[in-house]
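Visitor: I am new to this structure and would like a close look at a single part of it. Please take one helix and show me what surrounds it.

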Amino acid sequence: MKVITLHPEPFRRACRDLAAQARDFAPDMLVGIATGGAFVASEMRSVLTQAAYTEVSLRRKATKRKKPLRALLRLLPTRLADALRRREAARVSFAEPEPFVLRPSLAATLRDCRRVLVADDAVDSGRTLLATVRAIREAAPQAEVRTAVLTVTTATPLINPDYALRRDETLIRFPWSLDYNPRR
């Protein structure tokens, strides 16, 4: 499994390329899944200018446990950081996602939308993206909901995004990743 690092400018270009794929869909609402998907969606807005924007927060428990290790992870040699990423990716859970309830104000806003694009940085198991899409479809059954991610890291995620730059199981280290080091 390959690991690459996207520094800020290549990240911005990748997001614009992803947005260009979805341009014909012409979403009227762009939803970023915090944290990474919010950064992706924010950059996509430079191309999808007609879309309103909001974000939702739905995080894996493992992310919270790793935060205290941020300083140490950033100091690791690249080969070791990559090995840890591969090990973590091998332990991805494909269990059904927990139900996710949108905040009432967002659910009300979505009732007026016809086309919703949900953006995230990566699909590993697909649990986060699937839970978000289900919640949006429940809140806005009239809307067509599509998904966009920069990378799909597993061969058979629970949900396959409509738009993706990479579908080759590449792991990406983003500027906000806990092990990101701008000098690598």
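Guide: Contact here means heavy atoms within 4.5 Å. The model is a predicted one, and the part chosen is helix H2, residues 36-44.

First, the setting. The protein has 7 helices and 7 strands. Read from the N terminus, their order is β-α-β-α-β-α-α-α-α-β-α-β-β-β. The C-alpha trace spans about 50 × 35 × 30 Å along its principal axes. A compact globule of 184 residues would have a radius of gyration near 16 Å, and the protein, at 16 Å, therefore agrees with that. Of its 184 residues, 47% count as buried. Among contacts with a separation of 6 or more, 75% are between residues 24 or more positions apart.

Now to H2 itself. Its buried residues are Gly36, Gly37, Ala38, Val40, Ala41 and Met44. An α-helix has 3.6 residues a turn, so residues three or four places apart point the same way. The buried residues of H2 pack against one helix, H1 (8-22), and against the strands S2 (29-34), S3 (52-57), S4 (115-123) and S5 (144-152).

Take the helix partner next. The axes of H1 and H2 come within 8 Å of each other and cross at roughly 70°. Because angles of 65 to 115 degrees count as roughly perpendicular, H1 is roughly perpendicular to H2. The crossing in which H1 passes H2 is right-handed. On the H1 side, the contact is made by Phe11, Arg12, Cys15, Arg16, Leu18 and Ala19. On the H2 side, Phe39, Val40, Glu43 and Met44 make the contact. Val40 and Met44 are also among the buried residues of H2. Sorted by class, the contact of H1 with H2 has 7 nonpolar residues, 3 charged ones and no polar ones.

H1 also holds alanine 22. At 0% relative accessibility, alanine 22 counts as buried, because buried means under 20%. Leaving aside neighbours within four places in sequence, alanine 22 is in contact with Pro27, Leu48, Leu117 and Tyr163. The C-alpha atom of alanine 22 is separated by 8.9 Å from that of arginine 146, although the two residues are 124 residues apart along the chain.

Among the strands that H2 packs against is S3, and tyrosine 53 lies in that strand. Tyrosine 53 touches Ala38, Ala41 and Ser42, and also Met29, Leu30, Gly32 and Arg45, not counting residues up to four places away in sequence. Of these, Ala38 and Ala41 are buried residues of H2. Tyrosine 53 itself counts as partly exposed, because its relative accessibility is 24%. Tyrosine 53 and glycine 32 are 21 residues apart in sequence, with their C-alpha atoms 7.8 Å apart in space.

S5 is another strand that the buried residues of H2 pack against, and threonine 147 has its place there. At 3% relative accessibility, threonine 147 counts as buried. Residues up to four places away in sequence aside, threonine 147 touches Leu117, Val118, Leu129, Val133, Ile159, Asn160, Pro161, Asp162 and Tyr163. Leu117 and Tyr163 are also among the contacts of alanine 22 in H1.

To sum up, the buried residues of H2 pack against H1 and against strands S2, S3, S4 and S5.

Terms used:
Residues numbered from 1 in each chain as written. Predicted model: local features only at pLDDT ≥ 70, side-chain atom pairs only at ≥ 80, totals over all residues. Heavy atoms only, no water. Buried < 20%, exposed > 50% of the residue type's maximum accessible area, 1.4 Å probe, protein only. Helix = DSSP H or I, 4+ residues; strand = E, 2+ residues; numbered from the N terminus. Axes fitted to C-alpha atoms, helices over the stretch in contact; angles between N-to-C directions. Parallel < 35°, antiparallel > 145°, perpendicular 65-115°, else oblique. Left-handed = near helix turned anticlockwise from the far one by under 90°. Nonpolar A, V, L, I, M, F, W, Y, C, P; charged D, E, K, R; others polar. Rg over C-alpha atoms; globule rule 2.2 N^0.38 Å.
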